[in-house]
Amino acid sequence: MKQTVLLLMSLLFALPLAARDTIRVACVGNSVTYGTGLSDRDHESYPVRLQEMLGDGYDVRNFGHSGATLLNNGHNPYTKLPEYRQAIDFKADLVVIHLGLNDTDPRNWPQHADEFIPDYRALIDSFRVANPEAKIWICLMTPIFPGHHRYESGTRDWHALIQERIRQIAATADVGLIDLYTPLHKFPNYFPDNLHPTAEGALILARTVYGALTGDFGGLSMPVTYGNGMVLQREQPIRIGGIANAGERVTVKFLGDKLTATADADGRWSVTFPAHAAGGPYKLSVKAKSGSFEYSDVWLGEVWLCSGQSNMEFQLSRATTADEDLAAADAQERIHLYNMPALVRTDAIEWSVPQLDSVNRLLYILPGQWERCNKAAASNFSAIAYHFGRILADSLGCHVGLISNAVGGSGTEDWIDRTTLEYQLPAILRNWTSSDYIMDWSRDRGKFNSKLSTARIQRHPYEPAYLFESGILPLENYTLRGVLWYQGESNAHNVELHERLFTMLESSWRNFFGQPDLPFYTVQLSSIATRPSWPHFRDSQRRLAETLPNTWMTVSSDLGHRTDVHPRQKRKVAERLAQSALCHTYNYNVVPSGPQYTGFVSEGSALRLSFRYADGLRAAEGTALKGFEVAGADGLYHPATATISGDAIVVSSPDVKTPLAVRYGWSAYTDANLVNGAGFPASTFRDERF
């Protein structure tokens, strides 16, 4: 490998290696390069680790200076420091520049932003004067995290603006660009002071710079989502991509076609095959000089991501219909399962030190393996996801791939990408175990699981953004048809906050998957007697589904349990989800849900309520409708008599002469019983016009 790297370097820089003893590498920068905050910077700073990786053929020097600015009129210009003169005198063959963090200081960027590009260009040119054959890279800055004391007063925004200037310079100044931001942004625990990386962070820096300098990214590799038996989304462009050494040519064969790509400077490559109808089994071949992959039993069909918390995670073997379901599972040959289990459950247990270390390295949600449906695999798979896939496979006549990565007890905030939270709700990222933004149960459980931790900062799946980083990032570039989302129990303490968070979640995932119209099918929280906030939360979920694009909600309140937060009738929930998807995503002429409340008009002492999907309105059992209440201007609700009038409901109460408000199913555990002709229940709702 070392000979290959050296040959690559000789070709890249046209430098006859035999004519010199070593290749000189200058690491130019501020405190991050210097190694501030490290307990042993002489052995842990990124230039030292880079030297270890490059080996004896290189001489790597650390020219970092704490507090240095790129701006020459900044408060501590790098070009006026002794490290700059030492770096120039070194006459490096390879120069890596990481500056800009200190320019986010209010003394610098607001005053001298227009000088940044010319000052950076001048710095680059000075190294070229010192060695005209020098190869130079400039770096996107390492992250600054929300705990920084100036984060919201300007640092966050100036940091982003400086990153854009660095990209602009790299595109126009004939220098390479190294992204030091992305590989570290998902590891806030490696930045205990929100600015300087730990030894673990410095090691990531070194690996990133090593890859850029040598083009060595470990050879051909593929995402964890690829495997025998996988399902790729039909009727959409088929993107196949991975990692290879920089400049390496990769050949992909699929569907009788052959496409080639060349890995870029970051080692990334991809090809895109045209959209294709459902079918299979196919073979997929990926080959490069550094390795090859051969996949068989590959299908084009429907791919759904099934996520959320414990009611989505709830295994088929625990459902009320488990015996019947598992007996039929071996025959469901069109279903393909990709289960992403948790490393350890978030039960009331103290996690071991090795487990805690794995969690800190984002190894909590484990990569899955595609399996054709069988009794053993289905037994441990999400009951809702399984039945949803079963109905789709039968109705659509194609193979269905189901990805399940739900985590019990998780909050919506845990599944949102860090950047979205940093810009829309940065406070939720600070000190989450003592934050009122997070449900107290979640905070307490996180602290209990982490009791044995000796880390300076211990991570946990209930930490905001964590599950996105552990469970969604591995799915990058895997095209989906849609998302099933069953979650909310850990956000019902704050309805208004959840409305913001769920909106962020949808936007976050649509942006990440590059699918702006990605459908979301949500499950409304069920009934349980011990959660008084749930009527409000269920109504909020209803309103979100009505206002957010490509979002639909399935009602489950009639399937709840008075004391168990995990009702076991999952097959019915899945059937309702599938019916909704068949209508809205696949354009089947079927009823997608129960009666959906649309408004009321006053009729004297009564209110006439209107609904969508109202054909065949009736009581689910008996003849009397239950669960309706009305209120007048005083806001006091009284039980109401409800009668069916065609596709409307008329409600009134002798205790309310002029009703101005109505609500339905407004209790934690409800026996409200309005359904339509399809037998689907109506949602909790409230409409007040005081």
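This report covers helix packing, enclosed and open spaces, and two backbone details in a predicted model.

## Helix packing

Two packed helices are described by the angle between their axes and the distance between the axes. Three pairs are described here, and the table gives their geometry.

| Helix pair | Residues | Crossing angle | Axis distance |
|---|---|---|---|
| H15 and H21 | 383–396 and 570–584 | roughly 45° | within 8 Å |
| H4 and H10 | 46–54 and 199–214 | roughly 50° | within 8 Å |
| H5 and H7 | 82–90 and 116–130 | about 40° | 8 Å |

Start with H15 and H21. Their axes cross at roughly 45°, so H15 is oblique to H21. The crossing is right-handed. On the H15 side, the contact uses Ala383, Ile384, His387, Phe388, Arg390, Ile391, Leu392, Ser395 and Leu396. H21 answers with Lys570, Arg571, Val573, Ala574, Glu575, Leu577, Ala578, Ala581 and Leu582. By class, this contact holds 12 nonpolar, two polar and four charged residues.

Next come H4 and H10. The axes of H4 and H10 cross at roughly 50°, which means that H4 lies oblique to H10. H4 and H10 also make a right-handed crossing. H4 brings Tyr46, Arg49, Leu50, Met53 and Leu54 to the contact. These meet Ala202, Leu203, Leu205, Ala206, Arg207, Val209, Tyr210, Leu213 and Thr214 of H10. The contact of H4 with H10 counts 11 nonpolar residues, one polar and two charged.

The last pair is H5 and H7. H5 packs on H7 at about 40°, so H5 is oblique to H7. H5 contributes Tyr84, Ala87 and Ile88. H7 contributes Leu123, Ser126, Phe127 and Ala130. Six of the residues in the contact of H5 with H7 are nonpolar, one is polar and none is charged.

## Enclosed cavities

Rolling a probe the size of a water molecule over the atoms shows where empty space is left. The model has seven cavities of 30 Å³ or more.

The largest cavity holds about 100 Å³ of space. Its lining includes a run of neighbours from the 230s, among them Val231, Leu232, Gln233, Gln236, Pro237, Ile238 and Arg239. Tyr226 and Ile240 also line the largest cavity, as do Asn477, Tyr478 and Thr479. Strand E6 (231–233) and strand E7 (238–243) are the elements that give two or more residues to this lining. What classes of residue make up the lining of the largest cavity? Seven are nonpolar, four are polar and one is charged.

The second largest cavity has a volume of about 70 Å³. Its lining is made by Trp485, Gln487, His498, Phe502, Thr522, Gln541, Leu544, Ala545 and Thr551. Helix H19 (495–513) and helix H20 (534–547) each supply at least two of these residues. Which element gives the largest share? H20 does, with three residues. The lining of the second largest cavity has four nonpolar and five polar residues, and no charged ones.

## An open pocket

The second largest pocket has a volume of about 710 Å³. Its lining has 36 residues. Nearest the centre of the pocket lie Ser310, Glu313, Gly408, Gly409 and His566. Helix H11 (310–313) and helix H17 (440–449) each supply at least two lining residues. The largest share, three residues, comes from H11. By class, the pocket lining has 13 nonpolar, 16 polar and seven charged residues.

## Backbone details

Most residues other than glycine have a negative phi, and most peptide bonds are trans. Two sites in this model depart from that pattern.

Where is the cis bond? The peptide bond from Gly280 to Pro281 is cis, and its omega is near 0°. Pro281 sits in strand E11 (residues 279–288).

The second site is Lys91, whose phi is positive, near 50°. Lys91 lies in the loop between helix H5 (82–90) and strand E3 (94–98). H5 is the helix that packs obliquely on H7.

Key. Residues are numbered from 1 along each chain as its sequence is written. This is a predicted model: local features need pLDDT of at least 70, side-chain atom pairs count only at pLDDT 80 or more; totals for chains, interfaces and linings use all residues. Side-chain values use heavy atoms; hydrogens and water are left out. On a 1 Å grid over the protein atoms alone, a cavity is a set of points where a 1.4 Å probe fits but cannot get out, and a pocket is an open set with protein on both sides within 12 Å along at least five of seven lines; lining residues have an atom within 4 Å of a point. Grid points are joined across faces, edges and corners, and a volume is the space filled by probe spheres set on the points. Helices (H or I, at least four residues) and strands (E, at least two) are DSSP runs, numbered from the N terminus. Ala, Val, Leu, Ile, Met, Phe, Trp, Tyr, Cys and Pro count as nonpolar, Asp, Glu, Lys and Arg as charged, and the others, Gly among them, as polar. Axes are lines fitted to C-alpha atoms, for helices over the stretch in contact, and angles run from 0 to 180 degrees between N-to-C directions. Angles under 35 degrees count as roughly parallel, over 145 as roughly antiparallel, 65 to 115 as roughly perpendicular and the rest as oblique. A crossing is left-handed if the near helix is turned anticlockwise from the far one by less than a right angle, and right-handed if clockwise. Contact means heavy atoms within 4.5 Å.
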